[in-house]
Number of protein chains: 2
Amino acid sequence: MHKPTIQDVARRAGVGVGTVSRVLNNHAAVRASTRESVLGAISELNYTPNPHARRIAGGKSYTISVLLPVVTTEFYVRLLDGLEHAFQEARYDVAIFPLLDRSRLERYLGSHTLAYQADGLVMATYNLTQLFQSGLGLSGTGVRPYGGPSVLVDAYAEGVDCAYMDNLLGGRLAGQYATQLTRFQGGGHLYAVWVETELDHLFTTRVFSERRSGFLEAITATGARVSGEYVSSFDSLNARTVAAQLLDEATLPATVFASADLLAGALLDEAQARGLVVGEQLKVIGFDDQPWAQGRGLSTLHQPVEAMGYEAAQLLLSRLSGHEGPPRARRFEPRLIVRASTGG
Amino acid sequence: MHKPTIQDVARRAGVGVGTVSRVLNNHAAVRASTRESVLGAISELNYTPNPHARRIAGGKSYTISVLLPVVTTEFYVRLLDGLEHAFQEARYDVAIFPLLDRSRLERYLGSHTLAYQADGLVMATYNLTQLFQSGLGLSGTGVRPYGGPSVLVDAYAEGVDCAYMDNLLGGRLAGQYATQLTRFQGGGHLYAVWVETELDHLFTTRVFSERRSGFLEAITATGARVSGEYVSSFDSLNARTVAAQLLDEATLPATVFASADLLAGALLDEAQARGLVVGEQLKVIGFDDQPWAQGRGLSTLHQPVEAMGYEAAQLLLSRLSGHEGPPRARRFEPRLIVRASTGG
DNA sequence: TTGTAGGCGTTATCAA
DNA sequence: TTGATAACGCCTACAA
């Protein structure tokens with residue numbers, strides 16, 4: 001009445017343990033009929049392989065560490081979905097390490113915990129590769145250089161595999177659309193609200209600055225002009241304050257590109273409080289396509305986040321199975337979704 | 001040039017592997033001198049035990065899952081510190097599972113991931129035991145009942161081991177102090193701001209309602225009275241809005257108990273914006289003692305969070321080493337810290 | 001108090 | 001395409 005092992009499965013299916021192992025790991029050389037019977041035995045016995053035995057026999061940890069910013073956005077839920085989907089297919093476990101604060105990260109990486117023993121490392125949003133290169137960054141803090149391969153997701157950097165969102169393009173799409181709105185659909189003056197990030201040297205992301213660059217680039221290209229730019233931190237209170245300031249100063253009708261849905265939402269709130277007609281007097285374009293964006297009719301940029309996560313995982317998995325060669329970068333494209341907030 | 005194993009250590013120290021293992025696991029019967037030499041060999045070789053080998057030999061996973069709300073408060077950093085400290089001492093690994101959203105939790109627990117294979121479960125703030133009892137909660141969602149022992153931390157419930165903060169007491173302390181301020185130190189009228197939690201059935205915490213109960217209880221006992229109560233969500237924007245509303249309506253001088261530092265901070269901000277003299281015209285008592293509380297001179301309730309985490313871990317560890325018996329609850333007490341915001 | 005040997009559940013290697 | 005068998009690194013009797 002113990003947990004069934006690979007032996008039990010082998011006996012039941014009338015084959016050797018080697019064969020069962022082959023089926024488990026999708027090794028090619030297994031006759032279809034035997035595979036069937038093995039699979040049958042597995043489900044009859046309700047067998048699940050013991051991961052630890054695997055790890056010791058295989059000499060690997062079959063575990064991937066994911067360093068994840070602690071932000072409750074749907075973004076990271078979707079990102080994890082993509083990552084875990086890919087890793088599960090490849091029979092890798094995922095250990096999530098929340099980037100709660102810097103000192104925790106240091107202590108953690110200095111120790112011999114699960115995550116540090118991982119075969120690979122996924123860094124989301126923040127490029128912490130510096131932490132893992134000897135001599136750099138946190139020398140003296142006990143952070144040893146990380147041996148295994150790593151991949152960046154939602155961030156781009158030279159010298160590392162990465163899967164990133166083309167925020168430059170996203171900004172450009174927003175800029176082109178905004179120009180179109182102001183020129184042909186009575187959008188009036190053009191404004192923008194940017195996200196200010198105030199993290200330290202290491203905890204830095206270019207996501208928002210690129211949205212800005214793309215937007216301004218498109219504006220310049222189309223010969224339009226921005227009547228005002230505002231900056232908010234990624235925080236609903238500050239966003240609301242900035243939204244109020246913008247609406248105080250703006251000439252209506254106006255079109256506003258808010259470089260994150262959080263900011264766009266604050267703008268919608270403030271507009272509503274002032275009795276403005278969104279979509280007419282005020283057109284708003286967001287970025288992210290948060291779950292509530294559809295309900296509130298916010299035009300915004302949707303991002304293939306799961307796909308990005310999935311691809312990042314694939315990049316890492318290919319390294320784990322021996323792929324050599326120069327770093328690869330996979331680009332993903334946001335897509336403009338037009339809704340009522342721009343009169344669409 | 002491979003990673004040193006227990007064999008290497010044994011050879012180097014001139015002992016058997018059994019002895020090394022005994023040293024590693026603090027088994028009593030080892031002569032002090034041999035222990036020394038083994039320890040010496042370990043550090044010379046820079047040996048670290050292979051956790052997976054341990055897991056398979058021991059038949060346990062030596063891993064604890066921690067279900068953790070995704071809130072970037074110092075609270076959870078400290079809680080994890082306490083938990084991990086205790087678990088590391090006992091050579092257990094900690095797998096953190098961030099409660100990003102409900103569906104992820106379900107999928108996760110339904111699978112055979114690391115965390116589900118854990119020897120024990122720590123649930124922080126949210127009592128999700130229902131999820132792990134067959135037939136209840138998420139029947140049909142693939143969530144199987146959880147076999148191992150579990151412990152609640154920062155939450156109290158019957159029938160489970162738990163380590164909790166006495167928020168009732170915290171509220172009471174705030175209430176007594178507030179009464180004293182209004183009676184003898186020109187605190188004027190008394191107000192309170194509560195936290196509203198809008199989570200679903202399972203993701204529920206009584207932390208805030210208890211702070212309220214305790215406060216009101218103390219007020220009643222001292223014969224004081226509350227001139228106004230306000231409710232805010234745990235969000236800086238809403239907190240600020242509510243703070244403004246309170247200051248619009250309040251009669252100064254006033255004393256306000258804000259049941260979370262987040263709310264207290266908003267109050268300080270709004271007061272400052274209005275040019276009020278905090279500590280004189282407006283006295284504020286917070287709850288949590290966030291890192292910034294000292295700098296801003298906020299009187300608040302400090303909580304022994306690390307100790308609570310440590311104790312929760314001990315409760316779980318004792319179960320893991322066979323302790324039977326009825327559920328135990330360990331209580332921890334907040335402590336009032338008087339600073340400038342109450343004129344202290 | 002210590003060493004030896006068997007076993008934990010896999011994967012990998014080698015014949016067959 | 002398969003089955004047997006040797007690792008993998010550790011823990012735990014059991015014997016000394």
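Both faces of strand β1 of chain B are covered, since B:Thr63, B:Ser65, B:Leu67 and B:Pro69 on one side and B:Ile64, B:Val66 and B:Leu68 on the other are all buried. A residue is called buried if 20 or more other C-beta atoms lie within 10 Å of its own, exposed if 12 or fewer do, and partly exposed in between, with the C-beta atoms placed from the backbone. The model is a predicted one, in which local features need pLDDT of at least 70 and side-chain atom pairs count only at pLDDT 80 or more, while totals for chains, interfaces and linings use all residues. Residues are numbered from 1 along each chain as its sequence is written, and chains are lettered from A and ligands numbered from 1 in the order in which they are written.

**The strand and its partner**

Strand β1 of chain B runs over residues 63–69, and seven of its seven residues are buried. Helices (H or I, at least four residues) and strands (E, at least two) are DSSP runs, numbered from the N terminus. In a regular strand the side chains alternate between the two faces of the sheet. β1(B) pairs with β2(B) in the parallel sense over seven bridges, where two strands are said to pair if DSSP finds at least two bridges between them. Within this pairing, B:Ser65 has B:Ala95 of β2(B) as its bridge partner.

**Chain A as a whole**

Chain A holds 12 helices and 12 strands, and its C-alpha atoms fill a box of roughly 80 × 50 × 40 Å, taken along the principal axes. Of the 344 residues of chain A, 46% count as buried. Among the contacts in chain A with a separation of 6 or more, 75% are between residues 24 or more positions apart; two residues are in contact if their C-beta atoms, placed from the backbone, lie within 7 Å.

**How the two copies meet**

Two copies of a chain are related by a rotation about an axis and a shift along it. Here, chain B can be laid on chain A with an RMSD of 0.1 Å by a turn of 180° and a shift of 0.0 Å along the axis, the superposition being by least squares on the C-alpha atoms of residues with pLDDT of at least 70 in both copies. The two copies are therefore related as by a two-fold rotation axis. In chain B, the C-alpha nearest the axis belongs to B:Leu237, at 1.9 Å from it.

The contact between the chains takes 27 residues from chain B and 26 residues from chain A. On the side of chain B that touches chain A, the elements giving two or more residues are α4 (51–58), α5 (74–89), β2 (93–99) and α9 (236–249) of chain B, and α4(B) gives the most, with five residues. By class, this side of chain B has 12 nonpolar, nine polar and six charged residues. For these classes, Ala, Val, Leu, Ile, Met, Phe, Trp, Tyr, Cys and Pro count as nonpolar, Asp, Glu, Lys and Arg as charged, and the others, Gly among them, as polar. Because 96% of the interface residues of chain B are also interface residues in chain A, the copies meet through the same surface.

In α4(A), the residues A:Pro51, A:His52 and A:Arg55 are buried. They cover an arc of only 100° around the axis, which puts them on the same side of α4(A); the arc is that of the directions from the helix axis to the C-beta atoms. What covers the buried residues of α4(A) includes β2 (93–99) of chain A together with α4 of chain B. Just after α4(A), A:Gly59 takes a positive phi of about 70°.

**The surfaces near the DNA**

A residue is near a strand of DNA if its C-beta atom, placed from the backbone, lies within 6 Å of it. The table sets out the residues by class for each surface.

| Surface | Nonpolar | Polar | Charged |
|---|---|---|---|
| Near DNA strand C | 13 residues | 12 residues | two residues |
| Near DNA strand D | 13 residues | 11 residues | two residues |

DNA strand C is surrounded by 27 residues, the closest being A:Ile6, A:Ala57, B:Val15, B:Gly16 and B:Gly18. α4(A) gives the most to the surface near DNA strand C, with five residues. Around DNA strand D there are 26 residues, and the closest are A:Val15, A:Gly16, A:Gly18, B:Ile6 and B:Ala57. For the surface near DNA strand D, the largest share, five residues, comes from α4(B).
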